[in-house]
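Colleague: Can you walk me through a few residues of this one? Please keep it simple.
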Amino acid sequence: MKRHLTLLIFCITALISCSKDDESPVLRGGTYSNNGLAVAGPITLYVGDKTITERNFIHSFLERRADYWLKDSTFNEYTGTNIRYYPTSLIIKGDSIAIDTVSLIDKDTFYINTLSNNTKLLVSKRVHQVNPTLWGDLGCANVGKYIRRNPASYHCTYFDYPYYNSSCTGHKQFQLNIENDHIVIPVLTYYFIRPVAPGVNCYTNERYINDDFNTDIQHKLRPEDTLAVQTYFVKLYKQ
């Protein structure tokens, strides 16, 4: 009886495993396009160890911080609907992807590395000039490193601050998610503020970073820090 029960359990486990494998999304070859659209995710505000999603509170924060950068359609409060975005197209062939976009990534080809069943990391085949992100504790100089789930490695022949005085090269990379009938590129926008003296703040921001949000950054924030983050989802469908 025990032998039959053990065999039955083994068979059920095998069937479940096969079922999961069958359900794994497949990155199929061909041309994909977003038709100039993206979906805006919700804006989240992190103040120290507090996570704020209340829309009126966030709207007030954006109004108080309204300047040339925030006014330039950087954060979008109309979430969950298609918005106009840079046209992007991918051509998947074998173990590489060719990308053409007018916004953030130069026309290039990328190696495909697997992070999970439905998540790939694309790494550029050629070397690019890149902006360095400083190591050390989180601060205004290196939010760009900690905000990404997959920060790129690079080498600097000369380094100085601010970044445009540096000479650094590396391979661009970003995350790509596979859904049932399309693929998705997560794109980040953030705004970071830290008081450094009475009445004086340091702040830094970037828009449209091709990567997924690294939630571990929440544990690196100081009580006086404020971080606003929004993810855009660039959905590309097979043509």
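Modeller: We can take two residues and then a hairpin.
Modeller: This is a predicted model, where local features need pLDDT of at least 70, side-chain atom pairs count only at pLDDT 80 or more, and totals for chains, interfaces and linings use all residues. Residues are numbered from 1 along each chain as its sequence is written, and side-chain values use heavy atoms, with hydrogens and water left out.

Colleague: Where is glutamine 175 found?
Modeller: Glutamine 175 is in strand β12, residues 173–178 (strands are DSSP runs of E, at least two residues, and helices runs of H or I, at least four, numbered from the N terminus).

Colleague: Does glutamine 175 count as buried or exposed?
Modeller: Glutamine 175 counts as buried because its relative accessibility is 4% (buried is under 20% relative accessible area, exposed over 50%, partly exposed in between, with a 1.4 Å probe and protein chains only).

Colleague: Which side chains make a polar contact with that of glutamine 175?
Modeller: Asparagine 150, at 3.1 Å, and asparagine 177, at 2.9 Å. A polar contact is a pair of N or O atoms within 3.5 Å; within protein, one must be able to donate a hydrogen and the other to accept it, and residues adjacent in sequence count only if both atoms are side-chain atoms.

Colleague: And what about glycine 136, where is that?
Modeller: Glycine 136 lies in the loop between β9 (128–129) and α3 (143–146). Glycine 136 is partly exposed, because its relative accessibility is 38%.

Colleague: Now the hairpin: how many residues are between β13 and β14?
Modeller: Two, and glycine 199 in the turn has a positive phi of about 75°. The strands pair in the antiparallel sense over nine bridges (pairing needs at least two DSSP bridges).
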